[in-house]
Amino acid sequence: MTLRQDIVGNAMQMAIVNLRPGQTVYCEAGKFLFKTTNVRMETRLSAPGSGGGGQAGAGSGSGSGGMGGMLRQAMGTAMQAGQRMLAGESLAFQYFTASGGEGTVGFAGVLPGEMRALELDGTRAWFAEKDAFVAAESSVEFGIAFQGGRTGMSGGEGFILEKFTGQGTVIIAGAGNFIDLDPADFGGRIEVDTGCVVAFEEGIRYGVQRIGGLNRQGLMNAVLGGEGLSLATLEGNGRVILQSLTIESLANALKKAQGGDKQGPTGGLFSTHAG
């Protein structure tokens with residue numbers, strides 16, 4: 001059952017979700033805006049499909065191995081919550097269920113920018129950057145995907161990704177404006193700033209590569225080009241969503257506006273700020 005939702009607004013978009021009686025949507029803590037009075041709100045440590053009681057009544061113990069089943073379930077929930085904490089994600093999820101009629105819930109991201117509703121049909125997962133997740137219907141499973149050590153450690157943002165599987169609607173948010181690309185339309189591979197990747201379909205190969213070598217031009221790119229030492233690479237055939245504003249560039253702009261980053265004409269290592 002597709003989630004009925006409307007994305008409204010321009011510079012700071014919101015998702016207005018209309019729930020059918022008994023329908024449930026969940027969000028990451030901090031993304032909720034408002035709800036009608038007939039929508040029940042619960043806060044839980046587990047996500048749907050995680051085996052930790054994402055649906056009401058999961059802890060009834062019937063057919064689940066009694067006390068042993070409940071203990072395994074509790075341990076699984078604790079491990080998943082710990083994994084999310086390690087990844088810098090919200091510890092808990094908020095669940096909203098309409099009762100006694102249709103209900104409405106509003107959600108938003110945390111940065112000025114766009115939102116997008118992705119429809120999962122069960123054949124392909126979606127991966128997204130940290131904090132991109134806003135809300136999803138309960139048939140969508142939320143997980144954490146860790147990129148391989150070398151790739152992740154050099155890529156910064158690429159080390160930990162959110163993963164969405166199952167069937168249904170998931171709503172994501174990013175900074176600035178979105179652009180949809182398919183690497184297959186550009187020779188099968190694109191290279192982007194690591195902070196510009198919002199989400200991509202399963203089947204896209206994500207990696208991080210160093211910009212040039214440790215030579216004069218490589219150092220010029222890193223120090224003066226503003227891109228650091230690495231670029232994200234996206235290969236294959238599938239949908240990729242990029243954002244026009246990175247969190248790092250927004251933070252630097254705010255810092256500069258507050259007079260806390262009085263850089264010289266080249267910035268970076270040549271900052272004139274004395275502390």
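Begin by selecting E137, which in this predicted model is buried yet has no salt bridge, the nearest side chain of opposite charge, R20, being 6.6 Å away; since a salt bridge here calls for a separation within 4 Å, R20 is best displayed simply as a reference point. Add L3 to the selection, and a polar atom of the E137 side chain appears 3.4 Å from the backbone nitrogen of L3. E137 itself belongs to strand β10, residues 133-137.

Next, turn to the largest nonpolar core, which has 22 residues, and select Y26, F133, F142, F164, V170 and I172, the members that touch the most others. At least two residues of this core come from each of β6, β8, β9, β10, β11, β12 and β15, with β12 giving the most, namely four. Centre the view on V170 and, leaving aside neighbours within four places in sequence, its contacts include R116, L118, F133, A135, V140 and F164. Another core, of 16 residues, lies apart from the one just visited, and V17, F96, V105 and M115 are among its members.

V105 leads on to strand β7, residues 103-108, which is largely enclosed by the rest of the structure because six of its six residues are buried. Colour G103, V105 and F107 separately from T104, G106 and A108, as the two sets point opposite ways from β7 although all are buried.

Finally, show the strands that pair with β7. Strand β2, residues 14-19, runs antiparallel to β7 and is joined to it by six bridges, with L19 standing opposite G103. Strand β4, residues 32-35, also pairs with β7 in the antiparallel sense, over three bridges, and there F34 stands opposite G106.

Methods
Residues numbered from 1 in each chain as written. Predicted model: local features only at pLDDT ≥ 70, side-chain atom pairs only at ≥ 80, totals over all residues. Heavy atoms only, no water. Buried < 20%, exposed > 50% of the residue type's maximum accessible area, 1.4 Å probe, protein only. Lys, Arg positive; Asp, Glu negative; His and termini not counted. Polar contact = N/O pair within 3.5 Å; in protein donor to acceptor, adjacent residues only side chain to side chain. Core = buried A, V, L, I, M, F, W, Y, C linked by side-chain atoms within 4.5 Å. Contact = heavy atoms within 4.5 Å. Pairing = 2+ DSSP bridges.
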